[in-house]
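User: I am new to this structure and would like to learn how to read it. Please take me through its features one at a time.

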Amino acid sequence: LQEKYGNHVAMVGDGINDAPALKQANVGIAIGAGADVAIEAADVTLVRGELSGVVDAMVLSRATFKKIVENLLWASGYNAAAIPIAAAGVLHPM
């Protein structure tokens, strides 16, 4: 699947036979109620044994990435404005 569709492959599994695919996938998601081998091979482990946790994890991941980008933009803007002001000596510490 990775060769056919690119580098965006996620695998959800819970058994011993799923462990190699979980390791090979870009994102391996194990069901917490499954085999220990699958849990060790996965990148993410869903504690509850529900597949709806996959959607929740994706929503949380997107929100986290959005917040990281937002913070990076704010920090870059602040530094672009504050560093020249500080270098010019306009602001003095009290």
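Analyst: The turns below go through confidence, the sheet, the core and two single residues. This is a predicted model, in which local features need pLDDT of at least 70 and side-chain atom pairs count only at pLDDT 80 or more, while totals for chains, interfaces and linings use all residues. Residues are numbered from 1 along each chain as its sequence is written, and side-chain values use heavy atoms, with hydrogens and water left out.

User: What does pLDDT say about the chain, and which elements have the lowest and the highest mean?

Analyst: pLDDT is the predictor's confidence in each residue, from 0 to 100. Where pLDDT is low, the predicted coordinates should not be read in detail. Here the chain averages 88, and 97% of the residues score at least 70. Helices (H or I, at least four residues) and strands (E, at least two) are DSSP runs, numbered from the N terminus. Among the elements, helix α1 (residues 2-5) has the lowest mean, 75, and helix α4 (residues 52-88) the highest, 93.

User: In what order do the strands of the sheet stand?

Analyst: Strands of a sheet pair through backbone hydrogen bonds, either parallel or antiparallel. Two strands count as paired if DSSP finds at least two bridges between them. In this model 3 strands form an open sheet, ordered β1-β2-β3, with parallel pairing. β1 (10-13) and β3 (44-46) are at the edges with a single partner strand each, so one side of each has no neighbour in the sheet.

User: How many bridges join the strands?

Analyst: β1 is joined to β2 (residues 27-31) by 4 bridges; one pair of bridge partners is V12 and I29 of β2. Between β2 and β3 there are 3 bridges, and A30 has T45 in β3 as its bridge partner.

User: How is the handedness of a crossover read?

Analyst: A crossover is right-handed if, with the strands pointing away from the viewer, the path from the first strand over the helix to the second runs clockwise. β1, helix α2 (residues 19-24) and β2 make a right-handed β-α-β unit.

User: Which residues make up the largest nonpolar core?

Analyst: In soluble globular proteins, nonpolar side chains tend to be buried together. A nonpolar core is a set of buried Ala, Val, Leu, Ile, Met, Phe, Trp, Tyr and Cys residues joined through side-chain atoms within 4.5 Å. Buried means under 20% relative accessible area, exposed over 50%, and partly exposed in between (1.4 Å probe, protein chains only). The largest core has 6 residues: A19, L22, A30, A38, A41 and A42. Helices α2 and α3 (36-41) each supply at least two residues of this core. Contact means heavy atoms within 4.5 Å; beyond its neighbours within four places in sequence, L22 has contacts that include M11, V12, I29 and A38.

User: Are N17 and T45 exposed or partly exposed?

Analyst: N17, in the loop between β1 and α2, counts as exposed because its relative accessibility is 66%. T45, in strand β3, has 35% and therefore counts as partly exposed. Not counting residues up to four places away in sequence, T45 touches A30, G32 and I39.
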